[in-house]
Amino acid sequence: KKPMKFNFTATQVKTGDYIVTDDVKCTIPSIEFKETDLSSNAGTYKKLSDKITFKEFPQAGKYEYTVNESATTEPAIANSEHQKLIMSQAEYKMDVYVVEKAGTLAIDKIIVNKTKDDNNGPATGKVDIGGDVNGNGFNFVNTYVQEAGTGTDPTDPDPTYNKFGSLNVSKKIV
C-alpha cells in the first residue's frame with residue numbers, strides 16, 4: 001500500500017508495410033495511486049488511465065506505436081533488502097487506423113496486440129482495450145513488496161523483524 005505514479009511511453013514505429021511515417025505524437029497519461037485509492041485491504045489495486053491522445057494526423061492510414069511502462073515511478077523506489085518494486089516489462093503494439101470522414105481525419109479503430117508479457121516473455125494476441133478496469137487487457141502489472149515489520153522506513157526496520165517475519169499469530173488458552 002504505497003502511493004505512487006506510473007508513467008508510460010508510446011514510441012512511433014516508422015518501418016513496416018503500409019505504415020504512415022509522418023510524426024504524430026501519442027501521449028499516454030500517467031496512472032497515480034493515492035493514499036485514498038489504497039484504503040481497502042484488497043491487496044490488488046487497479047485503475048484506468050485517462051484517454052490516450054494524439055497530435056493532429058496529417059493523412060489517413062495506419063500509424064503504429066510500441067507501448068511500454070517507464071522503468072521508474074514517482075517517487076522512485078530503490079530496491080533494497082527490505083522492499084522491492086517488480087516493474088512490468090510488458091510491451092504492446094498499438095495500431096491506429098485513421099480515415100477521412102466528411103473532409104476530416106479521424107481515428108476509425110485502434111487494435112492493440114500484446115508482444116511481451118509482464119516478465120518480458122513472449123506474448124501474442126489481440127487484447128480488449130474497452131470496458132471497465134477488470135475487462136481491459138491493455139494493462140501492466142507491478143508488484144510492490146515490503147518486508148513485514150520494517151515500518152515506514154525500510155532502511156531502519158523494527159529490530160525484531162527477523163524474529164517475527166511477515167505473520168505473527170499467537171493463541172492463548174485461558
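Trainee: In this model, are Phe8 and Phe140 buried or exposed?

Mentor: Both Phe8 and Phe140 are buried. Please keep in mind that the model is predicted. Burial is a statement about relative accessible area, and the cut-off is under 20%. Over the 174 residues of the protein chain, 29% count as buried.

Trainee: How many aromatic pairs does the ring criterion give, and how do Phe8 and Phe140 fit in?

Mentor: The count is 7 aromatic pairs. One of them joins Phe8 and Phe140 in a tilted arrangement, with 5.3 Å centre to centre and 40° between the planes. This pair connects distant parts of the chain, since Phe8 belongs to strand β1 whereas Phe140 lies in the loop between β9 and β10, 132 residues apart. A second tilted pair is formed by Phe54 and Tyr65, with 5.7 Å between the centres and 55° between the planes. Here Phe54 comes from strand β4 and Tyr65 from strand β5, 11 residues apart. Phe54 and Tyr65 are both buried.

Trainee: Which residues do ring pairs link into a cluster?

Mentor: The cluster consists of Phe8, Tyr92, Phe138 and Phe140.

Trainee: How should one read the strand order of the sheet?

Mentor: Strands of a sheet pair through backbone hydrogen bonds, in either a parallel or an antiparallel manner. In this structure, an open sheet of 6 strands follows the order β3-β1-β5-β7-β8-β9, and the pairing is antiparallel. Strands β3 and β9 are the edges, each pairing on one side only. Strands β7 and β8 are joined by 11 bridges, and Tyr92 stands opposite Lys114 of β8. Along the whole chain there are 10 strands and 1 helix, with the helix following the strands in the order from the N terminus.

Trainee: Which residues have the most contacts inside the largest nonpolar core?

Mentor: They are Tyr65 and Met94, in a core of 28 residues. At least two core residues come from each of β1, β3, β5 and β7. Leaving aside residues up to four places away in sequence, Met94 touches several residues, including Cys26, Ile52, Phe54, Tyr65, Ile110 and Phe138. For the chain as a whole, contacts between residues at least 6 apart in sequence join residues at least 24 apart in 62% of cases.

Trainee: Where do charged groups sit over aromatic rings?

Mentor: The charged end of Lys47 is placed over the ring of Phe33, 5.8 Å from its centre. Lys109 likewise lies over the face of Tyr97, at 5.3 Å from the ring centre.

Terms used: Residues are numbered from 1 along each chain as its sequence is written. This is a predicted model: local features need pLDDT of at least 70, side-chain atom pairs count only at pLDDT 80 or more; totals for chains, interfaces and linings use all residues. Side-chain values use heavy atoms; hydrogens and water are left out. Two strands pair if DSSP finds at least two bridges between them. Helices (H or I, at least four residues) and strands (E, at least two) are DSSP runs, numbered from the N terminus. Buried means under 20% relative accessible area, exposed over 50%, partly exposed in between (1.4 Å probe, protein chains only). Contact means heavy atoms within 4.5 Å. A nonpolar core is a set of buried Ala, Val, Leu, Ile, Met, Phe, Trp, Tyr and Cys residues joined through side-chain atoms within 4.5 Å. Rings of Phe, Tyr and Trp (its six-membered ring) pair if their centres lie within 6.5 Å; planes under 30 degrees apart count as stacked, over 60 as edge-to-face and the rest as tilted. A charge sits over a ring if NZ of Lys or CZ of Arg is within 6 Å of the ring centre and within 35 degrees of the ring normal.
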